[in-house]
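I opened this one to see how the two chains sit together and how far I can trust what I see. My notes follow in the order I looked things up.

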Amino acid sequence: MTIELIDLAYLVAAALFIVGLKRLQSPATARGGNQLAALGMLLAVVATLFLREILSPVEVIVGLGIGGLVGLLLARRVRMTAMPELVAAFNGFGGLASALVAAAEVVRATGWSATLTITISVLIGMVTFSGSFVAFGKLSGRISGNPLSYPGQRVVMGLVTAGAIAAMVWAMAGPAAVFAPLAPSLFGVLVLTGLALLLGILFVLPIGGADMPVVVALLNSLSGLAAAATGFVLGNTALIVSGALVGASGLILTNIMCVAMNRSLLNVLMGGFGQESDISASSVAGALDGRTATATTADDTAILLAYAQKVIIVPGYGLAVAQAQHQVRELADLLQELGVEVKYAIHPVAGRMPGHMNVLLAEANVPYDQLFEMDEINHEFETADVTLVIGANDVVNPAARHDQASPIYGMPILNVDQSRAAVVLKRSMRPGYAGVQNELFFASRTRMLFGDAKDSVTALIGEVKEV
Amino acid sequence: MIQYLTYFVLSMFVGREVISKVPQTLHTPLMSGSNAISGITIVGALVAVGMTEGPWARYLGLVALIAATINVVGGFLVTDRMLQMFKRGPVKR
């Protein structure tokens, strides 16, 4: 009877997760959806605690207390600009928890199939854990965001993977349900844990900063798959259903990110993209095929903006680095007061995680109905008087459309070059992540406004006020 | 085992249907919110801590419980914090 009640509670929880995710289809219902999913989780936890009568051990209270407090503090304290690394860290905690729960079952596992599910769960969970924390290090700047490659990279990856598989087989072959330090089932899982941790590190280290949206989405998917794998170990349908939902969600996002860069997942994971940028001397000096970029000033740009009918703003990672989102909103407000129509164009891989720019701009109170996805707004650049590019580079490079020799050829881009005028806010002429110079900067209709994005936008605000 | 596999595969399809309609604007909250859902592992951790006798399972379970609780509590709260910032613009005349 009790077991049936628990299963019923898990079923209700899973249904609430699905309805909650469904409500994320619109910003108007999203908050309620998230709360519904949280309610489902609470129900699952309370049902487990009371119906199984495991309230007593002090460890349960300690665990819930410490975890709850840390989670609360992290969620409250984090700055919105630190959101990519926080999401990465939470993925890591989820993977760790799934792997450990599975590993705790080792001593009870009977038969090779039970051990197989445990090893799969440990493998996925631990790769998610270490991979997520390397991603956390890169996103927060504690580890260099540059792609890090070394000779024999594929060989090392292959060897570690082979070692992990060998450890899985070894764990399965050993006599089951033996608790001794050198029992194959236990020792095999320990070796597997070590190798899986190493694998996660090796898998994220070679991947460069601008490919992080793919990595974060993939780790998100893995954290779900780890939970599902643990569900197979425990024979728990709540874990299987919820884990599969999250796994599917992460895979969809991973795919969207790859399509938006016109690269395969394998190509991204191989890493090293854009590291050996072959920058010729002329492009460093700010010239391309004999053309030079034209610089402009804040007051010229302000006049251009103030007398425009329609302005499109294209934000990129540079906006997040400069933390200029509030200034951008202020500038947009000023222009709207002058009767200018302002829209934002968001490329799917702008920033360091899926939806990064949308969260930053939402923080600055930019209404979400002024934000447009690439396909919605690409035909509107033709009718824009001015396009303001703030800290974006490769995603607005027209070479992606026609230059077959370019590493970004075929990548869908925002058609900024079709607008009547473009002003690019940028620190210097340094090429973007792909390591290629941007044709847009040398177009006759483009002006460069050099400097830190925050300073430049602040100057623009001042000048627009005086127009 | 086949039964579990059935749940798994069907849930993947449900997930795909529901999530492919989530707009780009909400992709970050989707990630953090769905990640909090993957913290459902917490129920496994509770059982490992509360119901097993061996020290091995209990201590692994305790670490798992802390990690899963961080994931669940932090994940849902930060998603809520993000989502309350998403506002619609003033209605146009």
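These entries go from confidence to the interface and then to single side-chain pairs.

**Confidence.** First reminder to myself: this is a predicted model. I looked up the overall scores and found ipTM 0.93 and pTM 0.88. For chain A I noted a mean pLDDT of 87, with 92% of the residues at 70 or more. For chain B the mean is 88, and 94% of the residues reach 70 or more. I then went through the elements of chain B: α2(B) has the highest mean pLDDT, 94, and α3(B) the lowest, 85.

**A weak stretch.** Where does pLDDT stay under 50 in chain A? I found it over residues 275–285, and the model has 8 contacts beyond four places in sequence for that stretch. Where pLDDT is low, the predicted coordinates should not be read in detail. I'm leaving residues 275–285 of chain A out of any close reading, because low pLDDT is a reason not to read coordinates in detail.

**The interface.** I wanted a size first, and the accessible area lost when parts come together is often used for that. Chain A and chain B bury about 8,000 Å² between them, and 76% of that is on carbon and sulfur atoms. On the chain B side, B:Q24, B:M31 and B:W56 lose the most area to chain A, together 10% of what that side buries. I also took down the residue counts: 106 from chain A and 79 from chain B are in the contact.

**Polar links across it.** I get 21 residue pairs in polar contact between chain A and chain B, with both residues at pLDDT 80 or more. Which elements of chain B give two or more residues to the side that touches chain A? They are α1 (2–19), α2 (27–38), α3 (41–51) and α4 (55–83). The largest share, 26 residues, comes from α4(B). By type, I count 47 nonpolar, 24 polar and 8 charged residues on that side of chain B.

**Salt bridges.** The structure has 12 over all chains, and 3 of the salt bridges cross between chain B and chain A. I looked at B:R58, which forms one with A:E59, the closest N and O atoms being 3.6 Å apart. Another joins A:R31 and B:D80 at 2.9 Å, N to O. That pair runs from helix α2 (residues 27–51) of chain A to helix α4 of chain B.

**Aromatic pairs.** I find 6 over all chains. One of them is A:F93 with A:F133, edge-to-face, 5.5 Å centre to centre and with 80° between the planes. A:F93 is in helix α4 (residues 83–103) of chain A and A:F133 in helix α5 (residues 112–139) of chain A, so this pair ties together parts 40 residues apart in sequence.

Technical notes. Residues numbered from 1 in each chain as written. Chains lettered and ligands numbered in written order. Heavy atoms only, no water. Contact = heavy atoms within 4.5 Å. Buried area = accessible area lost by both parts, 1.4 Å probe. Salt bridge = Lys/Arg side-chain N within 4 Å of Asp/Glu carboxyl O. Polar contact = N/O pair within 3.5 Å; in protein donor to acceptor, adjacent residues only side chain to side chain. Helix = DSSP H or I, 4+ residues; strand = E, 2+ residues; numbered from the N terminus. Nonpolar A, V, L, I, M, F, W, Y, C, P; charged D, E, K, R; others polar. pLDDT = per-residue confidence, 0-100. Phe/Tyr/Trp six-rings, centres within 6.5 Å; stacked < 30°, edge-to-face > 60°.
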